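Welcome! Take a moment to turn the model around on your screen, and then let us walk through it together.

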Amino acid sequence: MGEKDVISDVSYINRLLHGLLTDLGLSEIWINYAKAIIMFLLAAIFAYILQFIVRRVLIFVLKKLTKITSFTFFHHAIRNRLPHFLGLIVAYTFIRASIPIIFEDLPKYISPFLTF
């Protein structure tokens, strides 16, 4: 999936949400806020699923490596929750990259969210 495909998918979701919220009778400014909230919630749910998948895959790989090698590093990595923290880094990176897309209609909010 290329970058243009992702952008077109996001644009489709943006148009779909705009249409649904317009049908509900919301004013334009409230539509922008509602779209930002809905898209942020969708991004948060996707980030949670992404973190879960990364964590499970890393645990699986590290357990296999523990069984076939004599390195104790892999056992310590599992015990000290390395897969959990790496999954959080992946989820954080996804959320941070999604902020300009989420707040596309509210550009003054992009900079404050990118500062943390």
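Helices here are DSSP runs of at least four residues, numbered from the N terminus. With that in hand, we can place R81 in the loop between helix 3 (73-79) and helix 4. Please keep in mind that this is a predicted model.

**A loop residue with an unusual sign**

Most residues other than glycine have a negative phi. R81 has a phi near 65°, a positive value in a residue other than glycine. This residue is partly exposed, with a relative accessible area of 46%.

**Rings that meet**

How many aromatic pairs does a search of the whole structure find? The search finds seven. In one of them, Y33 and Y109 meet edge-to-face, with 6.1 Å from centre to centre and 65° between the planes. Planes over 60 degrees apart count as edge-to-face, so the angle of 65° fits that label. Y33 sits in helix 2 (residues 28-68), while Y109 is in the loop between helix 4 (82-102) and helix 5 (110-114), so this pair ties together parts that are 76 residues apart in sequence. Y33 is partly exposed at 26% relative accessible area, and Y109 is also partly exposed, at 27%.

F73 and F74 make another edge-to-face pair, 5.6 Å from centre to centre and with 70° between the planes. Is F73 buried or exposed? F73 is exposed, with a relative accessible area of 52%, whereas F74 is buried, at 16%.

Here are the two pairs side by side.

| Pair | Centre to centre | Angle between planes |
|---|---|---|
| Y33 and Y109 | 6.1 Å | 65° |
| F73 and F74 | 5.6 Å | 70° |

Ring pairs also link W30, Y33, F103, Y109 and F113 into a cluster.

**One salt bridge**

Side chains of opposite charge can pair when their charged atoms come close. The structure holds one salt bridge. Which residue does D105 pair with? Its partner is K35, and the closest N and O atoms are 2.6 Å apart. The pair links distant parts of the chain, with K35 in helix 2 and D105 in the loop between helix 4 and helix 5, 70 residues apart. K35 is buried, with a relative accessible area of 6%, while D105 is partly exposed at 33%.

**A space inside**

Rolling a probe the size of a water molecule over the atoms shows where empty space is left. A search of the whole structure finds one cavity of 30 Å³ or more. About 40 Å³ of space lies in the largest cavity. Both salt-bridge partners, K35 and D105, are among the residues that line this cavity, along with others including N14, M39 and F103. Which helix gives the most to the lining? Helix 2 does, with four residues. Helix 2 and helix 4 each supply at least two lining residues.

**Helix 2 and the surface**

I37 is also found in helix 2. At 54% relative accessibility, I37 counts as exposed. The C-alpha atoms of I37 and I102 are separated by 8.3 Å, although these residues are 65 apart along the chain.

Y48 is another residue of helix 2, and it is exposed, with a relative accessible area of 56%. On the surface, Y48 belongs to a nonpolar patch together with I45, I49, F52, I53, V57, F60 and V61. The patch residues have about 780 Å² of accessible area together.

Notes
Residues are numbered from 1 along each chain as its sequence is written. This is a predicted model: local features need pLDDT of at least 70, side-chain atom pairs count only at pLDDT 80 or more; totals for chains, interfaces and linings use all residues. Side-chain values use heavy atoms; hydrogens and water are left out. Rings of Phe, Tyr and Trp (its six-membered ring) pair if their centres lie within 6.5 Å; planes under 30 degrees apart count as stacked, over 60 as edge-to-face and the rest as tilted. Buried means under 20% relative accessible area, exposed over 50%, partly exposed in between (1.4 Å probe, protein chains only). Patches are made of residues with over 30% relative accessible area and no salt bridge: like charges are joined within 9 Å, nonpolar side chains (Val, Leu, Ile, Met, Phe, Trp, Tyr) within 5 Å. Accessible areas come from the Shrake-Rupley method with a 1.4 Å probe; for residues, only the protein chains shown count as cover. A salt bridge is a side-chain nitrogen of Lys or Arg within 4 Å of a carboxyl oxygen of Asp or Glu. On a 1 Å grid over the protein atoms alone, a cavity is a set of points where a 1.4 Å probe fits but cannot get out, and a pocket is an open set with protein on both sides within 12 Å along at least five of seven lines; lining residues have an atom within 4 Å of a point. Grid points are joined across faces, edges and corners, and a volume is the space filled by probe spheres set on the points.
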